[in-house]
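I set out to look up a few backbone and sheet details today. My notes follow the order in which I checked them.

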Amino acid sequence: MSALQVTHIRGQRLGDLQDINRCDKQEVVSGVVMVDSRSDTRHDGITLTIDGMVNLQLSPRSAGILESIVNSSKPIPLINQSIEIAKSGKLPAGQTEIPFELPLTLRSSSKTLYETYHGIYITVHYCLRCDLKRSLLAKDVNRSQEFIVEYKTGTGGKEPMERVNFEIRPETLQNVRDRARIPQFLVRGHLDSVNCPLSKPLTGELTVCECERGISSIELQLVRLETCGSSEGYSKEASEIQNIQIGEGDVCRGVSIPVYMLFPRLFTCATTIAPNFKIEFELNIVIIFDNDHLVVETFPLKLTRT
């Protein structure tokens, strides 16, 4: 046996589970298992297994502090099911294709399937594993393939556009330690909406109206907020997803600078509030002055599939 490959995974985008339960057609993962063999090979059956899991990892700063957090940081199983796609027999030499179609059925303890998400402390992962069983004297062959689960567009209801106008100046800044290093400045602008469809970019514009010091850079920083725990105790950590520079050097005063950011796949998902974890997002507008001092204005975002 030279190779076992799972290819052509055609998993449809997964809709909201409540909508699925109201439909006659259940969501499925379909595709083809391709087996390459140099000669005729006997086997004891070929099975496919779907596993879905939410993995929670505590920040080193929080681990060991609250037992309730530790208990709620255990992995959360979402889906686990297997089917046999080929009974024991013989595979001919060459390439054999075995089509499959596997319905997505929740575990009895699960209430919904969450979107695929790869974070630092929270990961929602779905995997399709193929196992070709062989006799005791031969090693079993297996191969795994991740597939992506996304909500269907519009299942969560259309979120209204919520334009946000902002004005950044020294008096509006929060948690400033050394105000003496902050020059007098004024930045005005707007975000077209803080309710953001993941399939569309975040847009807006800003203008540096005045600044008594030179500016080194203006940047957009997308931040994830991952919370593990429950009402009894929780651990909340912020980490950067991506950083985009929209202004380099001492930008012209009074000139509109466009704000434009695409949301990366896998590292973002629809904003999720679950009993034991939360996945939320923020946008930071970062202004760096020529003395290397920086100021940050933060905007909470709600990401959706609408």
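Entry 1, a loop residue. I began with Leu 266, which is found in the loop between β17 (256-261) and β18 (272-273). I keep in mind that this is a predicted model. Phi of Leu 266 is near 75 degrees, a positive value in a residue other than glycine. I noted it because most residues other than glycine have a negative phi. Is Leu 266 buried or exposed? Neither: Leu 266 counts as partly exposed, because its relative accessibility is 25%.

Entry 2, another loop. I then turned to Asp 292, in the loop that runs between β19 (277-289) and β20 (294-304). Asp 292 also carries a positive phi, near 70 degrees, and is not a glycine. I looked up its accessibility and found 64%, so Asp 292 counts as exposed. The cut-off I applied for exposed is over 50%.

Entry 3, the sheet. I went back to β17 and asked which sheet holds it. I found an open sheet of 4 strands, in the order β11-β12-β14-β17, with antiparallel pairing. Which strands stand at the edges? They are β11 (164-168) and β17. Each has a single partner strand, so one side of each is left without a neighbour in the sheet. From one strand to the next, the twist averages 20 degrees.

Entry 4, the pairing of β17. I checked how β17 is held in register. Strand β14 (residues 202-211) pairs with β17 in the antiparallel sense, over 6 bridges. I picked out individual positions next. Thr 207 has Ser 256 of β17 as its bridge partner. Leu 202 stands opposite Met 261 in β17.

Entry 5, the faces of β17. Where do the side chains point? I saw that they alternate along the strand. Ile 257, Val 259 and Met 261 point to one face and are buried. Ser 256, Pro 258 and Tyr 260 point to the other face and are not buried. Thus the two positions from Entry 4 split: Met 261 is on the buried face, and Ser 256 is on the other.

Entry 6, cysteines. How many disulfides does the whole structure contain? My search finds 0. I looked at two cysteines anyway. Cys 211 has a relative accessible area of 15%, so I list Cys 211 as buried. Cys 228 is buried too, with a relative accessible area of 3%. Both calls rest on the cut-off of under 20% for buried.

Note on methods:
Residues numbered from 1 in each chain as written. Predicted model: local features only at pLDDT ≥ 70, side-chain atom pairs only at ≥ 80, totals over all residues. Heavy atoms only, no water. Buried < 20%, exposed > 50% of the residue type's maximum accessible area, 1.4 Å probe, protein only. Pairing = 2+ DSSP bridges. Axes fitted to C-alpha atoms, helices over the stretch in contact; angles between N-to-C directions. Disulfide = S-S within 2.5 Å.
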